[in-house]
Amino acid sequence: MTGRRDRPAPARPAPDRPAPDRPGAAAPAPPPGQGSGATVANAARRRTHADYTGGVYGSMLAASVIVGAGTLGDFPRIELMLLLLLTGGVFWIAHVHAHLFGARLAQRPPDRAVVLRACREEWTIVKAALPPAIAVGVGPVLGLGVQGGQWFALAVAVAGQVGWSVAAARQAGATRRMLALSALVNLVLGLVILLSKLWLKH
C-alpha cells in the first residue's frame with residue numbers, strides 16, 4: 001500500500017503541437033494584409049522618389065531647352081512650347097526605356113504592369129515641362145514679347161526645379177537645414193543656366 005501511494009503519477013501527454021524546428025511544421029502566418037501593406041508602402045515610396053527626382057530633372061531640362069532655343073521661326077512661341085513638350089516626351093521615353101531594359105531585361109522580360117508602372121514613375125519629366133510651356137503661352141497676355149516670354153518661362157523652370165528638390169528632401173525626412181541647402185544648390189544651378197543664356201545672347 002505504501003509503495004503504491006508513493007509512486008509518481010504518470011505525466012499527462014502534451015498536446016500534439018508541431019515543434020518549431022520539426023520538418024514540415026507550419027510557420028506562424030503574418031497578420032492579414034501586413035505583407036501586402038508593406039509592399040504597397042515601399043512601392044509608393046519608390047514612386048514618390050521617382051516623381052520628385054523626375055521633376056527636378058525635367059525642370060532643369062526645360063530650362064536648358066529654353067536657353068538653347070536660339071532664334072525660332074515664324075511662330076516662336078508655339079515652336080518653343082512644342083519644343084519643350086516634345087523634348088520632355090523624348091526624355092521620358094528614354095528614361096522609361098533605361099528603367100525597363102537596364103537591369104530588368106537581364107532578369108526577365110517586363111510585363112504590362114511593370115511597363116505601366118515605369119511610365120507612371122517617369123511621367124513627371126513631362127509634367128515638369130508643362131509650367132514653362134504654359135508660361136511661354138501666357139506671355140502675350142502679360143504683355144511680354146518673345147524674349148520676355150522666354151525669360152519668364154526660364155524663371156518658371158528654375159522655380160520648379162527648386163520646388164521639386166525641396167519636396168524630394170522633405171519626403172526623405174531631411175532637416176530644415178538640409179531643405180534650405182537643397183533649395184540653395186538647385187537655385188545656384190538655375191542661376192548658372194540663367195547666366196549661360198545671358199552669355200549666349202551676347
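Trainee: Which residues does Glu122 touch, not counting residues up to four places away in sequence?

Mentor: This is a predicted model, so keep that in mind throughout. Leave out the residues up to four places away in sequence. The residues that Glu122 then touches are Trp92, His95 and Val96.

Trainee: Is Glu122 buried or exposed?

Mentor: Glu122 is found in helix 5. Buried means under 20% relative accessible area. Glu122 has 13% relative accessibility, so Glu122 counts as buried.

Trainee: Where around the axis of helix 5 do its buried residues lie?

Mentor: Helix 5 covers residues 112-122, and its buried residues are Val114, Ala118, Glu121 and Glu122. They span an arc of only 85 degrees around the axis. That arc puts them on the same side of helix 5.

Trainee: How many helices and strands are there in the chain?

Mentor: Follow the elements from the N terminus on: they run α-α-α-α-α-α-α-α. No strand appears in the chain. The count is 8 helices and 0 strands.

Trainee: What share of the residues in the chain is buried?

Mentor: The chain has 202 residues. Buried again means under 20% relative accessible area. The buried share is 27%.

Trainee: Which residues have the most contacts inside the largest nonpolar core?

Mentor: The largest nonpolar core has 18 residues. Helices 2, 3, 6, 7 and 8 each give two or more residues to this core. Helix 2 gives the most, with 6 residues. Inside the core, the residues with the most contacts are Leu84 and Leu154.

Trainee: Which residues does Leu154 touch, not counting residues up to four places away in sequence?

Mentor: Set aside residues up to four places away in sequence. Ala63, Ile66 and Val67 are among the residues that Leu154 touches. The others are Ile193, Leu194 and Lys197.

Trainee: How many residues are in the other core?

Mentor: This core lies apart from the largest one. Val96, Leu100, Val114 and Ala118 are among its residues. Val114 and Ala118 are also among the buried residues of helix 5. The other core has 6 residues.

Trainee: Is Thr87 buried or exposed, and which residues is it in contact with?

Mentor: Thr87 is found in helix 3. Its relative accessibility is 14%, so Thr87 counts as buried. Leaving aside neighbours within four places in sequence, Thr87 is in contact with Leu61 and Val65.

Trainee: At what angle do helix 6 and helix 7 pack?

Mentor: Helix 6 covers residues 124-137, and helix 7 covers residues 146-171. Their axes are 7 Å apart. The crossing is right-handed. The angle is about 145 degrees.

Trainee: How many residues of the contact of helix 6 with helix 7 are nonpolar, polar and charged?

Mentor: Helix 6 brings Thr124, Ala128, Pro131, Pro132, Ala135 and Val136. They meet Gly149, Phe152, Ala153, Val156, Ala157 and Trp164 in helix 7. The residues divide into 10 nonpolar, 2 polar and no charged.

Trainee: What separates the C-alpha atoms of Gly149 and Pro132?

Mentor: Gly149 lies in helix 7. With a relative accessible area of 3%, Gly149 is buried. Gly149 touches Val136 and Leu144, not counting residues up to four places away in sequence. Gly149 and Pro132 are 17 residues apart along the chain, and their C-alpha atoms are separated by 9.6 Å.

Methods:
Residues are numbered from 1 along each chain as its sequence is written. This is a predicted model: local features need pLDDT of at least 70, side-chain atom pairs count only at pLDDT 80 or more; totals for chains, interfaces and linings use all residues. Side-chain values use heavy atoms; hydrogens and water are left out. Axes are lines fitted to C-alpha atoms, for helices over the stretch in contact, and angles run from 0 to 180 degrees between N-to-C directions. Helices (H or I, at least four residues) and strands (E, at least two) are DSSP runs, numbered from the N terminus. A crossing is left-handed if the near helix is turned anticlockwise from the far one by less than a right angle, and right-handed if clockwise. Contact means heavy atoms within 4.5 Å. Ala, Val, Leu, Ile, Met, Phe, Trp, Tyr, Cys and Pro count as nonpolar, Asp, Glu, Lys and Arg as charged, and the others, Gly among them, as polar. Buried means under 20% relative accessible area, exposed over 50%, partly exposed in between (1.4 Å probe, protein chains only). The arc is that of the directions from the helix axis to the C-beta atoms. A nonpolar core is a set of buried Ala, Val, Leu, Ile, Met, Phe, Trp, Tyr and Cys residues joined through side-chain atoms within 4.5 Å.
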